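User: I would like to go through this model term by term and ask what stands behind each label. Please set each value against its cut-off before you conclude.

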Amino acid sequence: MALILSEEEKMLKSSAKEFLAERAPVEALRRLRDSQDNYGYDRSLWREMAEMGWTALTIDEAYGGLGFGYVGLGQIMEECGRTLAASPMVSTALLGTTVISLGGSEAQKQSLLPEIMEGNMITALAFEEKNSHRPFDVSTTAEKSGEGYRISGKKVFVLDGHVADKLIVSAIADGELSLFIVDAKASGISIERKFMMDSRNAATVSLEGVEVKADDRVGGKDVLEKSLDIARICLSAEMVGSMQEAFDRTIAYLKERQQFGVPIGSFQALQHRAAHMFSEIELCKAMTLKCLQAIDKEDKHLAAKASMLKAKVGEVLKLVSNEGVQMFGGIGVTDDEEIGFFMKRARVAQQTFGDYNYHLDRFASINGF
């Protein structure tokens, strides 16, 4: 498949870019951070995103979705990365819909997916238990209790956990890793909000004997693994948007800042560093589009592609965000300049769903090294 977007995908990307530039610039994130907003995102903006169909892009038409595919969602994610738009796109439109679509029963899909598409329901995948990414190292248990299960355990780094209506919790049930949909207000659940470096939402979720029904189960290890691979690829699309924006801002500054009577961008040493970043970003763009296409084609090598991409994009985003701050000089580390926001988001995104080392090791293991 050629590495180009269809006309429909270009139109989607263009409309998202225009919408986010007007409604969710970096300044909007700054306001949410400074006010320590209770939700951490603009709920009216999220409603507008839902009305534009962003929450329905990957949902099958049989459930009222658009069936547009992950290449389309990737274009939205990339534009979100350019403005650092804070919203439940990752937790809900990406992870929530993917887990339910892959592992949900017919009844779960019929009841939950329309609520997500309408913007009425926020979901959060609660699967991390360690400070480092180890999705299958699970201590949370789901013990048999009558016709259902009682879940006990603790989850960390739960994206949008404090505003979620439904939690998707991983636990060991009947000797195997399973996922359960749990009402966030169920008895036995306590949620502590955490403010991350990039001003996004996360939470620590504790579960003590939380009762769920047997039909609240929504798949097992295979569903979690594939959902995470899809999330890694789509998050990489967001990271590509961030690195492109950070690069564009840096180049504009190099052309503007004068030293010794000339723009600092005229210095050959800085031109070489800019050229290096440019070539690396272009490589990441091509890899990301190829991997997004692989999701829609149900490529059997998706796991290897996802790890290859997440490792590479994480490496390049670190390079570009560091270079951006350094080339801005001293003002690059002040809160007045927005370039620092991109570095903070980069550090969190690099860790989310596995960092460079995790994916390099996973890619090697998948390929027999």
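User: Why does Y41 count as buried?

Analyst: The model is predicted, with pLDDT of at least 70 needed for local features and 80 or more for side-chain atom pairs, while totals for chains, interfaces and linings use all residues. Residues are numbered from 1 along each chain as its sequence is written, and side-chain values use heavy atoms, with hydrogens and water left out. Buried means under 20% relative accessible area, exposed means over 50%, and partly exposed is what lies in between, with a 1.4 Å probe and protein chains only. Y41 has 6% relative accessibility and therefore counts as buried, whereas Y39, at 32%, is partly exposed.

User: How many aromatic pairs are there, and what makes the contact between F19 and W54 edge-to-face?

Analyst: The count comes to 6 aromatic pairs. In F19 and W54 the centres are 5.5 Å apart and the planes meet at 80°; the rule pairs rings of Phe, Tyr and Trp (its six-membered ring) with centres within 6.5 Å, and calls planes under 30 degrees apart stacked, over 60 edge-to-face and the rest tilted, so the label follows. The pair links distant parts of the chain, 35 residues apart, with F19 in helix α1 (residues 7–23) and W54 in the loop between α3 (43–51) and α4 (70–83). Helices here are DSSP runs of H or I with at least four residues and strands are E runs of at least two, numbered from the N terminus. F19 is buried at 12% relative accessibility, and W54 is buried at 1%. Y39 and Y41 are likewise an edge-to-face pair, at 6.2 Å centre to centre with 75° between the planes.

User: How do you know that K221 lies over the face of F136?

Analyst: The distance from the ring centre is 4.9 Å for K221 over F136. A charge sits over a ring if NZ of Lys or CZ of Arg is within 6 Å of the ring centre and within 35 degrees of the ring normal. K344 lies over the face of F341, at 5.7 Å from the ring centre.

User: How many disulfides are there, and why is C291 not bonded to C234?

Analyst: The count is 0 disulfides, a disulfide being a pair of cysteine sulfur atoms within 2.5 Å. C284 is in no disulfide, as the nearest cysteine sulfur, that of C291, is 11 Å away. The closest cysteine sulfur to that of C291 is in C234, at 10 Å, which is too far for a bond. C284 is buried, with a relative accessible area of 0%, and C291 is buried at 2%.

User: What is the sign of phi in F157 and in D160?

Analyst: Most residues other than glycine have a negative phi. F157 has a positive value near 55°, and D160 has a positive value near 60°. F157 lies in the loop between β3 (148–155) and β4 (166–173), where D160 is also found. F157 is partly exposed at 27% relative accessibility, but D160, at 7%, counts as buried.

User: What volume does the largest pocket have, and what volume does the largest cavity have?

Analyst: The largest pocket holds about 550 Å³, and among its 25 lining residues T58, G69, Y70, D296 and E298 are the closest to its centre. The largest cavity holds about 170 Å³, and of its 16 lining residues S87, L159, D160, R200 and N201 lie nearest its centre. On a 1 Å grid over the protein atoms alone, a cavity is a set of points where a 1.4 Å probe fits but cannot get out, a pocket is an open set with protein on both sides within 12 Å along at least five of seven lines, and lining residues have an atom within 4 Å of a point. The volume is the space filled by probe spheres set on the points, which are joined across faces, edges and corners.

User: Which cavity and which pocket does F157 line?

Analyst: F157 is one of the residues lining the second largest cavity, including L95, L125 and L159, a space of about 60 Å³. The second largest pocket has a volume of about 250 Å³, and F157 is among the residues closest to its centre, including N131 and Q351.
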